[in-house]
Every structure is written in structure tokens, then in C-alpha cells.
Amino acid sequence: MKKFNLTANWGLKIASLLFAALLWFLVTNINDPVDSVRFSNISVQLRNANSITDENKVYEILEDSDLLSTVTVYAPRSIVDSLNRDNIVAVADLEETKSVDGAYEVQIQLSTNKYSNQIQSIAGSSDKVLLNIENRASKTIALSAATTGSLTDGYIIGDVVTDQNQIRITGAESVVGSVATASVNVEVTGYTTNIGTNAEIHLYDADGEEIPKDNLKLSSTSVGVNVTILATKRVPVIYQVSGVAADGYAATGEVEANPESVLLAGRQSVLNKIEEIIVADTSLDITGLTGDLTATIDLSGYLPGNVSFGDEDFNGIATVVAHIEATLENELEIPFGQVELMNVPEGYQAEIVSDETESFKIKIKGLEATIRGTRASEVTGTIDVSSLTDDAEDQDDLSGEYSATIALSLPGGVTTSDSAEVTVRLTKEE
């Protein structure tokens, strides 16, 4: 019997094998050729983030490197045609993060969740996620509130109060350290009544530039804010000077004050009842002074309840100067004809009698300008005749002479310490 030699004709056998493989390849590709498909904007899943955060560190994705602009898949056409972007799986395991030249990166692993064993290859526009890793830091910062916009004329902003006055910020040490202020803002344009709202908290650096909050954790991202809107009204301030200057001196009546009026703020119903602010302060007492009085007064003590100053630049302090000048004396001769006899009893005639003169003299005192301008004709007097006869012994006949004091009427700014005594004669009519 002839033996079968497996090792004979090696060349022919190898050629046959290669030909068979080639034939299979050709047949396969002709029926289901390799094709490619491209998917856009594929997000990279980050796994094992706790490998960083458990070490009291925080990470930040740089350059949006966790988003692949394109992923290309090579596979038989039948496979390619059945894939969509939801079948693309991009994963970065943060436990495998490496430091390269001071930066951090982690490789992206690409696969599909469908037909993975039939995919020839898969490639993305990038093969790594870039990270910034820092120590975690926290700090508490005061929270302020502000308003923007313009109120209706006649109204101003009162108190702006937030539900809380501070927040806690946690994040990368460098970012947290750059936060200088935290504030909320409320738009008030057109309002005439109080505002209650929620406002977003914004963070700013020392230069006033806003800091993004994307990679920071805030104890609160918004806060309740109450804005008080107040009506306004301008009223005069009346400064009342009291007391008497030293002998030989008098107040001129001229009072220089700053301010002469103030802008008040409060509820409209309250402001409607206020027409002026009267200041009667002990510091405006001129008693015993021989020169001008200068006083500083805090007007806030004279405001009604629930009313404040409406001008934010005014601190409530007023300065007052009350002018004082030396007085002058002058003597005037007043004719009896300028004295009116009043309440003469019915059936009687009354007259002032004097053997020596038809006038009386008085010394008047006042400021120089007033005294020099005062004439005797401006001084008048009266005598109430009925009061002279009350003690008469014979009430049936009131005829006789009576001693009387003239009640003088002097021009403004003029005084006298003199009294004028005269005799009044009553004569019964026939």
C-alpha cells in the first residue's frame, strides 16, 4: 500500500491556503464591505472621581476636553448602518490620572455598547481628558445687596435686607481665594411699593470682575431680598432762638441755617401730615450773649417716628448762626393826641390834663437800625377809662380826676422800660 505523505508539496499547499483566505476576504468584502461612520459631540463619562475628591482635592475639566468633537467607527457596513451616537461609549477613569509636565491627564477609552466584537477600530478627535487638580478650600464671605434702575419720581430706596448676610464657598483653592465679594442685585425700575423677591448670588474678584460659579459649591445660590420703597417730601426747617441777650444787646432776628429745608422719606400717609420741622434746641439759647451764636444740631432727633432723611448725602447735622448786635437807646416825645381814651362811661367826657406839657417822654431801646428809623408818630397808647372808676366812692357821679398809666404800643423790634403816668379828667355831660 502507498503511504500518504502530509509533508509533500508544501509549496502547493501553502499557496492553496492563501488563495482560500484571499477568496474568503474578497467574498466577504463584496457582500459586506468595511465602512466608517462619524458621530459628533460625544460626552466622556468620568469614573472613579472619588479617587480625587476623597483626598480633599477638586478637579476641573480643561478646554472642554470631556467632549469629543468627533468619534469615527470602522466596521462592516451592516454594523455601521445599525449604530447611532447612543452606542458610542467614551470613558475616562480618573483613578488612572497622570501628571505630565505639571498638568494632569487621563486616557479616554472608546468602545460601543453594541456589536463591540465586530468593530474593526474606533478613534476620537482626542485621546485624553485634561484636568486641573487643586486642594479643596472653603471660606465664608459677607453677602451684600444692591439695586439697579430708577424709581418713579418722588420715591427713594430705603432698606435693602437679605434673608442671610453671609454664604460659604467651597472649591479649588485658587478660585476660592480670588473671591473678594458676594452680592445680589434687585431691579427697581418703576416701583412705588416695597419689593420682596429672590435674587441670584454673584461672586466678584478684587477688581470687580465676576467669577463663574460652575466649579464652586455655594451654601446658597440665591437669597430672599426685601427692598423698602419710600415716598419723599421736602419741608422747611424752622429754628427757634430763645432767651435774651446780655444787657445792651439783642438778637437781630436773622438766623443763618444750613440746611434751610430737608428731604424726608417715609410712608406717604405719614408725610402728608408734616409741613415743617420745628427745632427748639437748648443750643439756640442766646441768654447773656454779646455776640453771634453758632450752634451745631443733630436734626435726626426732631424727625417724627418712621420718617428718615431722603438725601443719602445728608448726615442730619445742621449749622445755625443767630446774629446778635448791640442795642441803642433814644428818647421820644409822644403827644397826648396819640393816646386813645377807651371805654368812657356813658354820659361823661374824658380828657388828659396837664399844666406843663401836651406830651410825655419815653426812652426806647432796640437795634441801631430799628431805633434810628423809629419816629414818635409810630408810638401810640391807650387808657381804659372804665377801669379807673371802679374804686370811685360815688358811683352816681364819676366826675373827677384820676391817675392813669398809658398802655404803649411800640413798633416791632422796639422796647421800653419806661411807663407814662398821666391824669385823666372825667366831666359829666350837661
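The exercises below treat a pocket, aromatic pairs and a sheet in a predicted model.

Residues are numbered from 1 along each chain as its sequence is written. Local features need pLDDT of at least 70, side-chain atom pairs count only at pLDDT 80 or more, totals for chains, interfaces and linings use all residues, and side-chain values use heavy atoms, with hydrogens and water left out.

**Exercise 1. Describe the largest pocket and its lining.**

Step 1. A pocket is an open set of points on a 1 Å grid over the protein atoms alone, where a 1.4 Å probe fits, with protein on both sides within 12 Å along at least five of seven lines. The volume, meaning the space filled by probe spheres set on the points, is about 160 Å³ for the largest pocket.

Step 2. Lining residues have an atom within 4 Å of a point. Here they are V58, Y59, E60, N132, A172, V175, P212, D214, N215 and L216.

Step 3. Strands are DSSP runs of E with at least two residues, numbered from the N terminus. Strand β3 (residues 57–61) gives the most to this lining, with three residues.

Step 4. Sorted by class, the lining has six nonpolar, two polar and two charged residues.

**Exercise 2. Classify the aromatic pairs and state the burial of their residues.**

Step 1. Rings of Phe, Tyr and Trp (its six-membered ring) pair if their centres lie within 6.5 Å; planes under 30 degrees apart count as stacked, over 60 as edge-to-face and the rest as tilted. The count comes to two aromatic pairs.

Step 2. The ring centres of F309 and F314 are 4.9 Å apart and the planes are at 80 degrees, so this pair is edge-to-face.

Step 3. Buried means under 20% relative accessible area, exposed over 50%, partly exposed in between (1.4 Å probe, protein chains only). F309, at 17%, is buried, while F314, at 21%, is partly exposed.

Step 4. F336 and F360 have ring centres 6.0 Å apart and planes at 25 degrees, so they are stacked. This pair links distant parts of the chain, 24 residues apart: F336 lies in the loop between β23 (317–335) and β24 (339–342), and F360 in strand β26 (residues 359–367).

Step 5. F336 is buried at 11%, and F360 is buried at 9%.

**Exercise 3. Find the edges of the five-strand open sheet.**

Step 1. Two strands pair if DSSP finds at least two bridges between them. The order is β24-β27-β28-β30-β25, with mixed pairing.

Step 2. β24 and β25 (348–353) each have a single partner strand, so they stand at the edges.

Step 3. β25 pairs with strand β30 (residues 420–428) in the antiparallel sense over six bridges. Q349 stands opposite T427 in β30.

Technical notes:
Helix = DSSP H or I, 4+ residues; strand = E, 2+ residues; numbered from the N terminus. Nonpolar A, V, L, I, M, F, W, Y, C, P; charged D, E, K, R; others polar.
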